[in-house]
Number of protein chains: 2
Amino acid sequence: VTVDREDLIKSSWTDNAAAWTESVRQKRIASRALVTDAAVLAAVRARTPSRVLDIGCGEGWLCRVLQGHEIETVGFDGTRELIERARAASPGLYHVLTYEQFADNPEAVGSGYDVAVCNFSLLGEDIGAVIRGATEVLGPGGVIVLQTVHPCADLPDGCRYEDGWRMEEFGALGSDFHTPMPWYFRTVGSWIRAFTAPGLDLIECAEPVHPESGQPVSLLLTAGRAAKAQ
Amino acid sequence: VTVDREDLIKSSWTDNAAAWTESVRQKRIASRALVTDAAVLAAVRARTPSRVLDIGCGEGWLCRVLQGHEIETVGFDGTRELIERARAASPGLYHVLTYEQFADNPEAVGSGYDVAVCNFSLLGEDIGAVIRGATEVLGPGGVIVLQTVHPCADLPDGCRYEDGWRMEEFGALGSDFHTPMPWYFRTVGSWIRAFTAPGLDLIECAEPVHPESGQPVSLLLTAGRAAKAQ
């Protein structure tokens, strides 16, 4: 039996939509509350954008925060149950759209974005088409901001540092998460290669650390076509 | 008393020149023999260069290997005792030149290089001037290849993931090394920032792993002005 891990990712989000929304809104994920929420927000705001696309926006927290800074947002996500919660929580524009649908027709979400942001939302193996799609809807000088778990953080004992599938059990998030999620691990170099493959220049490679342990929490990349002109 | 760590780096190489030369030539450094020698050689040869500058060439092993592939080499190093050993071992061109002297007048080593390579040779805090100098002596389409200890490898317990000075005791290399060497640790992002600061594009970010443990051994970056034209 071949299990399509990309399908398992989708079904896990549907199953965990309520628990996930609670976790985010109650700020139960320590690394987000302490480090990565502020880091991605700062990386997006550093571009002083008028218009931001949130790729894999989930229940919409980042769109809501950006809206609070007078930034126009559009969010999309493949999980209907999360988009319904996003729509109920703020008046921003949200689309139910899978990554395959987005890649087939990026302008379904509009265009002319100053920033397209992927915050812990690229979880599968095939991310090239989404990144290419994001590149196509950027306006002049636009950039993509991508945050992911730092590849050197919490590498399990005996686990090789190489691209491959792993399983997230959500153990740290409590018993309301019923469905584990496969996710595709990438090395730093692999993230950079995937991210710059559509002809983008890497503008920034930041690695926010945990304020207490000093260990890297996330990898936060910014890339765009316009690096030379800045 | 202010100790200038950059001076301590220089004096440690002078003191350890004989022991270092033996270690390299007897292939006593396991990570080099297993992983990083072949990795840097492959990264340089991938550019099919005619002419290579070896920055901080030490006793000259990389120049000798490249010469064996019909590549013209020029090596320089601030440690006279190492350059003397390099000159005695192969007929390539070697200069005694500190990084400060190189930065002040890069063309002292010639120009028109297809590759300038820094193999574990940028050890101090101020590396911007050397990288700028290397950029100035590249020919059209030329690149800089930089290999360094992977920032996520062997991070000591309790050591924060942030730029700063550390001390190498050479304990793994035996009792012939009498003088420890301060070296400046940089994060992945910090290496990339320093490396691309003179207006270079990052072309490749490789992370060779140990064949048995699967853990990252080195960070191996390639950057150049000509990424767009390739």
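The buried residues of helix 2 of chain B are covered by, among others, helix 1 (5-25), strand 1 (51-55), helix 3 (61-68), strand 4 (113-119), strand 5 (138-149) and strand 9 (218-224) of chain B. Helices (H or I, at least four residues) and strands (E, at least two) are DSSP runs, numbered from the N terminus. This is a predicted model, where local features need pLDDT of at least 70 and side-chain atom pairs count only at pLDDT 80 or more, while totals for chains, interfaces and linings use all residues. Residues are numbered from 1 along each chain as its sequence is written, chains are lettered from A and ligands numbered from 1 in the order in which they are written, and side-chain values use heavy atoms, with hydrogens and water left out.

So who is tucked away in this helix? The buried residues (under 20% relative accessible area; exposed is over 50%, partly exposed in between, with a 1.4 Å probe and protein chains only) are Arg32(B), Val35(B), Thr36(B), Asp37(B), Ala39(B), Val40(B), Leu41(B), Ala43(B) and Val44(B). Thr36(B) is also the centre of a kink of about 45 degrees in helix 2 of chain B; the bend at a residue is the angle between axes fitted to the seven residues ending there and the seven starting there.

Next comes the packing of helix 2 against helix 3 in chain B. Their axes are 11 Å apart and make an angle of about 55 degrees. Axes here are lines fitted to C-alpha atoms, for helices over the stretch in contact, and angles run from 0 to 180 degrees between N-to-C directions. The two helices are therefore oblique to each other, given that angles under 35 degrees count as roughly parallel, over 145 as roughly antiparallel, 65 to 115 as roughly perpendicular and the rest as oblique. In contact terms (heavy atoms within 4.5 Å), Arg32(B), Asp37(B), Val40(B), Leu41(B), Val44(B) and Arg45(B) of helix 2 meet Trp61(B), Leu62(B), Val65(B) and Leu66(B) of helix 3.

The loops on either side of helix 2 of chain B each hold a residue worth a look. Lys27(B), in the loop between helix 1 and helix 2, has a positive phi of about 50 degrees without being a glycine, and is exposed at 59% relative accessible area. Thr48(B), in the loop between helix 2 and strand 1, is not a glycine either, yet has a positive phi of about 40 degrees; at 67% relative accessibility, Thr48(B) is exposed.
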